[in-house]
Amino acid sequence: MKAEIFSNKGMKVFCDTYLCRTPAQYFVGSPKGPLMLLMNLCQDCRDSILNTLIDQDRQGLSKRIEELEASDRINKEKKEHGGKEFPCKHCGEIYWSPRSLGAHVKMCPEKKKDGEV
Ligand SMILES: [Zn+2]
Ligand SMILES: [Zn+2]
């Protein structure tokens, strides 16, 4: 459910944010959802909540992009090397090209434990 923010049209309610007792000017919630899910917010808290929401979205977006890029890269490597597996001899993780394996081995946490730095 996507939360939206809208004016409470001058209702006499107070901000629901923890320890904030400012008269609320806004609701956050779904306009179609049950009223209980609405949160009252004053202007300050509205701004900080909006910033948080945008930050979360940004992180979610860049994570999704990273995942897409990683799976693209794996597919490309599988094609290049005929799907041959290149397992890390330290931790057993599978890579699909000697180059990716090499990049991993440099940072492999198990390798450090093995003392082969
Ligand atoms: Zn507030
Ligand atoms: Zn490894």
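User: How do you know how the reach of α1, with its 38 residues, stands against the span expected?

Analyst: A helix is expected to span 1.5 Å times one less than its number of residues, and for α1 this comes to 56 Å, to which the 55 Å from its first C-alpha to its last is close. The model is a predicted one, in which local features need pLDDT of at least 70 and side-chain atom pairs count only at pLDDT 80 or more, whereas totals for chains, interfaces and linings use all residues. Residues are numbered from 1 along each chain as its sequence is written, and chains are lettered from A and ligands numbered from 1 in the order in which they are written.

User: What makes α1 a helix that lies largely in the open?

Analyst: A residue is buried with 20 or more other C-beta atoms (placed from the backbone) within 10 Å of its own, exposed with 12 or fewer, and partly exposed in between. Of the 38 residues in α1 the number that are buried is one, and the helix therefore lies largely in the open. In the chain of 117 residues, 9% are buried.

User: Why is F27 called buried, and K9 exposed?

Analyst: F27 has 24 C-beta neighbours inside 10 Å, and therefore counts as buried. K9 has 7 other C-beta atoms within 10 Å, so K9 is exposed. F27 sits in strand β2, residues 26–29, while K9 belongs to the loop between β1 and β2 and has a positive phi near 55°, although K9 is not a glycine.

User: Why is C88 called neither buried nor exposed, but partly exposed?

Analyst: C88 has 16 C-beta neighbours inside 10 Å, which means that C88 counts as partly exposed. C88 is found in the loop between β4 (86–87) and β5 (94–95). With neighbours within four places in sequence left aside, the residues in contact with C88 (C-beta atoms, placed from the backbone, within 7 Å) are E93, Y95, L101, H104, V105 and C108. For L101, which is 13 residues from C88 along the chain, the separation between the C-alpha atoms is 6.6 Å.

User: How do you know which strands F27 is bridged to?

Analyst: F27 is the bridge partner of F6, and the bridge partner of F27 in β3 is N40. Two strands pair if DSSP finds at least two bridges between them; β1 (residues 4–7) and β2 have four bridges and pair in the antiparallel sense, and β2 and β3 (residues 39–41) have three, again in the antiparallel sense. V28 stands opposite M39 in β3.

User: What makes β1 and β3 the edges of the open sheet?

Analyst: The sheet has three strands in the order β1-β2-β3, with antiparallel pairing. β1 and β3 each have a single partner strand, so one side of each is left without a neighbour in the sheet. On average, neighbouring strands in this sheet are turned by 30° against each other, direction ignored. α1 (residues 43–80) lies across β1, β2 and β3 and runs at about 115° to β3; axes here are lines fitted to C-alpha atoms, for helices over the stretch in contact, with angles from 0 to 180 degrees between N-to-C directions.

User: How do you know how many helices and strands the chain has?

Analyst: Helices (H or I, at least four residues) and strands (E, at least two) are DSSP runs numbered from the N terminus, and the chain has three helices and five strands, in the pattern β-β-β-α-β-β-α-α along the sequence.

How values were computed:
Contact = placed C-beta atoms within 7 Å.
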